[in-house]
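Visitor: Please take me through one part of this model closely. I would like to look at the place where the ligand sits, and then at what lies around it.

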Amino acid sequence: MTTEPHLKAHVLVVDDDDGYRSMLERILIRAGYSVTTACDGLEGMKAVNSEQLDLVLVDVNLPGINGIEVVRQIQEIDNTLPCIVITGQGSAEYSLEALKAGAHWYLDKHFEQGNPDPIRRLVEQAVEHKRLKVENRLLHTQLRSQYGFGNIVGNSPALQESLDIVRKVADSDSTCLVTGESGTGKELFARALHYNSQRADRMLVTVNCGAIPEELLESELFGHVKGAFTNASSHREGRFSVANGGTIFLDEIGDMSLNLQVKLLRVLQERSFEPVGSSKTIAVDVRVIAATNQDLPTAIADGRFREDLYYRLNVIPIEVPPLRERAGDVELLVDFFIEKLNKNKNKKVQGIDSEALNLLKDYGWPGNVRELENTLERMVVLRSEGELDIGDLPRQLRTAPLASAPTAPSLPSSGVSFNELVDLFETDLISQALDKTSWNKNKAAKMLGLNRTTLLEKIKKKKLSSPDTDD
Ligand SMILES: Nc1ncnc2c1ncn2[C@@H]1O[C@H](COP(=O)(O)OP(=O)(O)O)[C@@H](O)[C@H]1O
Ligand SMILES: [Mg+2]
């Protein structure tokens, strides 16, 4: 693919050697970059502080502050700004030092002379790397604000009581058990716990224990070695390893088999586990949040859930109340969802009239907030604009049952979930990196800041394939 995303990328070249500096400038301008030049470190730092840069090429040997020091200072100011250090004769030891100081890469002046291709490729890759890094950071900020407390809507005392617990324990490593009916917001609570903890910069890994067949769940959680079972054609990292340093969210924990419950108990007790087919013990530092819509004490009485595991998980119990017990939140939620849906679906609905709102408040919401959100989505999409009224309500709501309807099993959520969105975003970044590097997986992994194995796994999982191959 020949796109030119770097068309306006801005490169600073710092070199005291006039000839080499102008040669670099020429190569870069011809490749479509805009270029600023400086002939020593001081002048270079001035440009760094006053201009919007995407990349710095800096010579190691400079009068005054040397190139390595320039890199160090730049990284302190903005560690998303990549620096490529230009080394001269016999300066292999400088290249290592440069990388330690935070340089993206180094370029050997003599080796590269006469051939602009390696320079162009390196520059292009570094600029792309920066773009991904900035995007990644943006995504993270978005995730944080998405899952701050501000996005958990509701003023009812019942909800606020649970949120108070979340606020208090978010920043601890305590295991939490979030309980509540389907659609009440358990996953939202789990995210708030993670994104308001010191682990927020690390992974939040979600495993839906109810959705994965029992025989796969163990290797999903703990990974497996090659040959561990018939289809284990390669080593696979488990979700616990992926979550190392971060949080694992074990959703629908009540659906886990007794056999796996034993293994999970051990992880909670010893913070270590063995991948399927391996005798090597792996230690992990993972915060565990579990959720269930089942009544675990009943499951214990029925012999479906281990009591010892229950106590290990239930260190901090967090109950999310059903929506019918906080009918006062319905109005706030309705406003919140209408605004969100208008934005996401590009609609211009202007609220809801009081008659229709009252019916929404009176309804029992067996599917809780998820059902309310799905109901509004249907209404907003069909209506597009104006004020929602009774005619927009689905039939079962126009003849509302009492607010004590039996609880329904989990309703399928409609549209694209946030996890799916993140997944799409990730697929997009990976495809771009692979395109950019002509499917050189080592380079693509470096560009993405992933290790190669992780990248290969993601390529497989996402079923990405090179345009040059048939499969
Ligand atoms: N208090 C709330 N404020 C805003 N949105 C909510 C709230 N509770 C739930 N939701 C939304 O309702 C849907 C279902 O929530 P989720 O956390 O998946 O429920 P659960 O895991 O308990 O089944 C999600 O789209 C979630 O964002
Ligand atoms: Mg859920």
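Guide: Start with the ligand, bearing in mind that this is a predicted model. Domain 2 (149-321) and domain 3 (324-398) both give residues to the shell around ligand 1, so the ligand lies between them. The shell counts 16 residues. Closest to ligand 1 are V153, G185, K186, E187 and V369. Three elements each give two or more residues to this shell: α8, α14 (328-345) and α16 (368-383). By type, the shell holds six nonpolar, six polar and four charged residues.

Now follow α8 (186-195) away from the ligand. This helix also supplies residues to the largest nonpolar core, a set of 39 residues. With five residues, α8 gives the most to that core. Other elements supply at least two residues each, namely β6 (176-179), β7 (204-208), α9 (214-222), β10 (247-251), β13 (287-292) and α13 (307-313). Within the core, V178, I248 and I289 have the most contacts. Take I289 as an example. Leaving out residues up to four places away in sequence, I289 touches C176, V178, A190, L193, T247 and F249. A second core stands separate, with 35 residues, among them V11, V13, L62 and V85. In soluble globular proteins, nonpolar side chains tend to be buried together.

Last, a check on one helix. Helix α11 (residues 258-270) has 13 residues, so at 1.5 Å a residue it should span 18 Å. Its end C-alpha atoms lie 19 Å apart, which agrees. After α11 comes R271, with a positive phi near 55°.

Terms used: Residues numbered from 1 in each chain as written. Chains lettered and ligands numbered in written order. Predicted model: local features only at pLDDT ≥ 70, side-chain atom pairs only at ≥ 80, totals over all residues. Core = buried A, V, L, I, M, F, W, Y, C linked by C-beta atoms within 7 Å. Buried ≥ 20, exposed ≤ 12 C-beta atoms within 10 Å, placed from the backbone. Helix = DSSP H or I, 4+ residues; strand = E, 2+ residues; numbered from the N terminus. Contact = placed C-beta atoms within 7 Å. Near = placed C-beta within 6 Å. Nonpolar A, V, L, I, M, F, W, Y, C, P; charged D, E, K, R; others polar. Domains from an automatic or database assignment. Expected span 1.5 Å × (residues − 1).
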